[in-house]
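Colleague: I should like to learn how to read a model of this kind, feature by feature. Might we begin with the strands and how they are arranged?

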Amino acid sequence: MPELPDVEAMRRYLLGRGLVGRKFTGAVLDWPKAVKGSSLEDLVLGILHKHVQDVARRAKFLMLRLDDGQSLVFHMRMTGSLLLERSATPRHPMTRNFFPLDDDWYLLFVDPRKLGTVQLVADEALLVGNLGPEPLDESFTPEVLMQRLERRKAPVKALLCDQNVIAGIGNIYADEILFSATVHPLTPGGTLTPKQGELMHAATVEILTQAIDKLEDLVSKGGPPTESAEGLGTLKVPRKANAACTKCGEPIQRIIVRSRGTYFCPKCQT
DNA sequence: CCACCGTCCTGGCTGC
DNA sequence: TGCAGCCAGGACGGTG
């Protein structure tokens, strides 16, 4: 499931494949429910003959900035991904919507579970204005993290997944961060010590950066950045109850936090 | 501020 | 082995 590293790798993949400068020549919306915020017609007419000026990311949103100031904003949700292919290349079977570009290229929105969204916005801030800090931004410090968790009673696991607390982290990397920082997922956010804040901050930066590097390596070898976090082989927490903890060998525990499966080591994380 | 619920979806896994 | 059934969960909106 795409989290910050996956979306960032997707951004770099699209840049590397030369999306910037290309022009939309149409839209084939086989799954129209993915379109949010406007009518299908407004989206199609809105992007027609517009050039992509930049590919940006904020949290898990991927935005294609067009030459008229509007942005075509994708959210991958659970299973979405974008591919840039020659029109002659057989389309991925799970392609839900696709966008013909000039020079016979296609931008494919692949999404097996049909939960992803796309919308054309004049003002990105309406979508991303309330999001928490970008964890890989220089301005993200242990102090900023602690301040975001201050006085919060919710489990730190839930807060890490809350896009308005900190942007871009999802279920899997939240578990990884807490494991690395040896913090129990049910710890109320406001009770974390400065030391724990530092550990979590360092773990966040390291884990996200490492995942991006790994994905970018895959992309540089020619593949699209669609490898799942599990498939990357960088995860330290087995996502299976009773599997052996990679640090101490004790059985990994599975609990549900805010209806999300949460894996942690009861011995290492306190 | 917090908890919980329903909604969206179907590939792939579990269990009989 | 085959097949039915159900789980996975990010964001959002609503309720209490």
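Modeller: To read a sheet, one lists its strands in spatial order and then notes the pairing. Here an open sheet has four strands in the order 2-3-4-8, and the pairing is antiparallel. Please bear in mind that this is a predicted model.

Colleague: Which strands are the edge strands of this sheet?

Modeller: The edge strands are strand 2 (52–58) and strand 8 (117–121), each of which pairs on one side only. On average, neighbouring strands of the sheet are turned by 20° against each other, with direction ignored.

Colleague: How many bridges join strand 2 to strand 3?

Modeller: Strand 2 and strand 3 (residues 61–66) are joined by six bridges and run antiparallel. Within this pair, R57 stands opposite L62 of strand 3.

Colleague: Which helix packs on the sheet, and which strands does that helix touch?

Modeller: Helix 1 (residues 4–16) packs there, touching strand 2 and strand 3. The direction of helix 1 makes about 165° with that of strand 2.

Colleague: How many helices and strands does chain A have in total?

Modeller: Chain A has eight helices and ten strands.

Colleague: How should I read the residues of a helix, and how many residues of helix 6 are buried?

Modeller: An α-helix has 3.6 residues a turn, so residues three or four places apart point the same way. In helix 6 (residues 171–180), ten of the ten residues are buried, and the helix is mostly covered. The buried residues include I172, Y173, I177, L178 and F179, and also the charged D175 and E176. After helix 6 comes T182, which has a positive phi, near 55°.

Colleague: What of the overall dimensions of chain A?

Modeller: One compares the radius of gyration with a reference for the chain length. For 270 residues a compact globule would have a value near 18 Å, and chain A has 20 Å, which agrees. Along the principal axes, the C-alpha atoms fill a box of roughly 55 × 35 × 30 Å. Of the 270 residues, 39% count as buried. Among contacts between residues at least 6 apart in sequence, 64% join residues at least 24 apart.

Colleague: Finally, which residues lie around DNA strand B?

Modeller: One lists the residues and then sorts them by character. Around DNA strand B are K33, P112, R113, K114, L115, R152, K153, A154 and A158. The residues of this surface divide into four nonpolar, no polar and five charged. Among the charged residues are K33, R113 and R152, while L115 and A158 are among the nonpolar ones.

Key. Residues are numbered from 1 along each chain as its sequence is written. Chains are lettered from A and ligands numbered from 1 in the order in which they are written. This is a predicted model: local features need pLDDT of at least 70, side-chain atom pairs count only at pLDDT 80 or more; totals for chains, interfaces and linings use all residues. A residue is near a molecule or strand if its C-beta atom, placed from the backbone, lies within 6 Å of it. A residue is buried if 20 or more other C-beta atoms lie within 10 Å of its own, exposed if 12 or fewer, and partly exposed in between; C-beta atoms are placed from the backbone. Helices (H or I, at least four residues) and strands (E, at least two) are DSSP runs, numbered from the N terminus. The radius of gyration is taken over C-alpha atoms; the globule rule is 2.2 Å times the number of residues to the power 0.38. Two residues are in contact if their C-beta atoms, placed from the backbone, lie within 7 Å. Two strands pair if DSSP finds at least two bridges between them. Axes are lines fitted to C-alpha atoms, for helices over the stretch in contact, and angles run from 0 to 180 degrees between N-to-C directions.
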